[in-house]
Amino acid sequence: MGAYVNPIYPYKSPADLMATPPQRKPLIVIGAGPVGLAAAIDARLQGLDVLVLDDDKTVSVGSRAVCYAKRSLEILDRLGIANEACQLGVSWNIGRTFLEEDEVYQFNLVPDAGHKRPGMINLQQYHVEEMLIARALELGADIRWQHKVTAVTPHDTHATLTVETPEGTFDIEADWLVVADGARSPIRRHLGLDIEGRVFQDRFLIADVIMKADYPAERWFWFDPPFHPNQSVLLHKQSNNVWRIDFQLGWDADPEEEKKPEKVIPRLKAMLGDERPFELEWVSIYTFQCRRMTDFRHGRVLFAGDAAHQVSPFGARGANSGFQDADDLMWKLGLVIKGQASEKLLDTYAMDRQFAADENIMNSTRSTDFITPKSRTSKTFRNQVLALAKHHPFARKLVNSGRLSVPSFLTGSVLNTPDADAFEGQMVPGAPMDDAPLQLDGQDAWLLDQVGRGFAVLHFVDAAPDAQTLATLQALKQGAVPVDSLIVSRQALQVPGFKVLVDAQGWMAKRYDAQPGTTYLLRPDQHVLARWRSLDSARLQTAMARALGQVGERA
């Protein structure tokens, strides 16, 4: 057994960045954590130049964010590292909740078949960051380590940054600035921007333990276990025989004392109940908050990830919601930088992701209140719910050991076109797309791998489309903002110039409530924009104008 050794990334002289007057860059990202790196990779995939500044020279210390949800894996597929992450990570779908020693409840994150990715993988954040850094460099992102941004001055058309390095300080300008510098966000504090919410008065011990154990790859959560009475414990398996164990300690616990090995090791031995060898890789004490900035956009300065919002760790909503921030932001910012949309489109980034943050904070707060009741009455209620859940299905819906991260349904987004036709199912305007298996050119493939590089249309048919339909679809592909046109059929078809997705198993038709003629318009971040029962050029054009933030009447 052996602990992870953090890589040290090379410092590069800023001589090429220093200039008087300051250089102007089209896009600068502050923070080389998961969210900042995801934004940088997305920028490069769109052909945008990007400069990433980070005050450190390595990846995260300790496992930190360890649970990556299905939606994040789908985003990482688009960014190009999901296969590597899933190969190294521990995939799981099953979670179990215990009261004392008895299992009272279990759930399955992906109860039906036909999905490329599992409900969740467990993988230490430092591994994910290494993969993201390698991918960003492969794509040509300029990452500068030991470049600490000490000041930001916003202007109407740009922002000026003051950067401190081992060779001195210099100023540089950015047309657009993405701030992803973490929960303590020095830039947010420097600009005097508010962040409001609730601080929870409880403390938890995180221990990353290297050991060989035969526990299954599942999420196990205990209320009041005999090895840690009157508190809760969470167990996750990670890669390379590392196990993540969280112990609730209570608000009165002394953080410095509880981190000491002589305090941690007896807790672990009591839990494991045997003399198996183990090694501590990382120990930390955390408290947590549920809060967000009032506005994620401040002119040319855009906040994402923990810099913009924080939640408790129960439910794995931190890094997962941060990836969704980057996913929402970067297609919009790319269109603005390329002059294909006005900067008003970026206001919808703030609206979309502030809504999502409120949803995450609500669910995270409810989880935390259930896990750490602050009154005798609420604790009695919690324990009665757990006792009933063992035998009564109705009570299981009330058990909340951390409702796990799911993507937000952006049904209130101003970019959506409301339904004018009747549909069943979940794929409403604003919904994150469901994946589905299909065949492409005779090979097995997945729906989400075919979209996500720009706007797209799915047009369902039962025979080769007529000339007028093909002309409409071809015009979309050749528009000022191109729309990729995909034809979906239950049988293989030859349609020159178009990609035909063969829904041989019927999963797409089922999940999208599709029949011949059904047409979906999709955002670059794989959310539904609009859907109709027939293809209509005028309605598509109006929906696209709305999706670009332009004024238009609802279709």
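## Exercises on a predicted model

In the sheet, arginine 96 stands opposite tryptophan 220 in E13. The coordinates come from a predicted model, and the exercises below start from that sheet.

**Exercise 1. Work out the order of the strands in the open sheet of eight strands, and find which strands stand at the edges.**

Step 1. Start with the pairing of strand E5 (residues 94-99) and E13: five bridges join them, and they run parallel.

Step 2. Move on from E13. Strand E13 (residues 219-223) is joined to E14 by four bridges, and here the strands run antiparallel. Across this pairing, tryptophan 220 stands opposite leucine 235 in E14.

Step 3. Continue to strand E15 (residues 242-248), which pairs with E14 over five bridges in the antiparallel sense. Leucine 234 faces aspartate 246 in E15, standing opposite to it.

Step 4. Put the whole row together: the order is E6-E5-E13-E14-E15-E12-E16-E19, and the pairing is mixed. Strand E6 (102-108) and strand E19 (309-310) each have a single partner strand, so one side of each has no neighbour in the sheet and they stand at the edges.

**Exercise 2. Look at strand E14 (residues 232-237): how many of its six residues are buried, and what links E14 to E15?**

Step 1. Count the burial first. Five of the six residues are buried, so E14 is largely enclosed by the rest of the structure.

Step 2. Now follow the chain onward. E14 and E15 form a hairpin, with four residues between them.

Step 3. Check the backbone in that turn: asparagine 240 has a positive phi of about 60 degrees.

**Exercise 3. Find the helix that lies across E5, E6 and E13, and give its angle to E5.**

Step 1. The helix to pick is H10 (residues 376-389), which lies across these strands.

Step 2. Its direction makes an angle of about 115 degrees with E5.

**Exercise 4. Classify two aromatic pairs by their geometry.**

Step 1. Recall the two descriptors: a pair of aromatic rings is described by the distance of the centres and the angle of the planes.

Step 2. The structure holds 17 aromatic pairs. In one of them, phenylalanine 204 and tyrosine 286 are 5.5 Å apart centre to centre with 10 degrees between the planes, and the pair is stacked. Phenylalanine 204 belongs to strand E12 (residues 196-210) and tyrosine 286 to strand E16 (residues 279-292), 82 residues apart. Both residues are buried.

Step 3. For tryptophan 331 and phenylalanine 455, the ring centres are 5.4 Å apart and the planes lie at 85 degrees, so this pair is edge-to-face. The pair links helix H8 (residues 318-337), home of tryptophan 331, to strand E22 (residues 455-461), home of phenylalanine 455, 124 residues apart.

Step 4. Add the burial of the second pair. Tryptophan 331 has 5% relative accessibility and counts as buried, and phenylalanine 455 is buried too, with a relative accessible area of 3%.

**Exercise 5. Is aspartate 327 buried or exposed, and which residues does it touch?**

Step 1. Place the residue: aspartate 327 lies in helix H8.

Step 2. Apply the cut-off for buried, under 20% relative accessible area. Aspartate 327 has 4% relative accessibility, so it counts as buried.

Step 3. List its contacts. Leaving aside residues up to four places away in sequence, aspartate 327 touches Asp42, Arg71, Ile75, Arg78 and Asp525.

Key
Residues are numbered from 1 along each chain as its sequence is written. This is a predicted model: local features need pLDDT of at least 70, side-chain atom pairs count only at pLDDT 80 or more; totals for chains, interfaces and linings use all residues. Side-chain values use heavy atoms; hydrogens and water are left out. Rings of Phe, Tyr and Trp (its six-membered ring) pair if their centres lie within 6.5 Å; planes under 30 degrees apart count as stacked, over 60 as edge-to-face and the rest as tilted. Helices (H or I, at least four residues) and strands (E, at least two) are DSSP runs, numbered from the N terminus. Buried means under 20% relative accessible area, exposed over 50%, partly exposed in between (1.4 Å probe, protein chains only). Contact means heavy atoms within 4.5 Å. Two strands pair if DSSP finds at least two bridges between them. Axes are lines fitted to C-alpha atoms, for helices over the stretch in contact, and angles run from 0 to 180 degrees between N-to-C directions.
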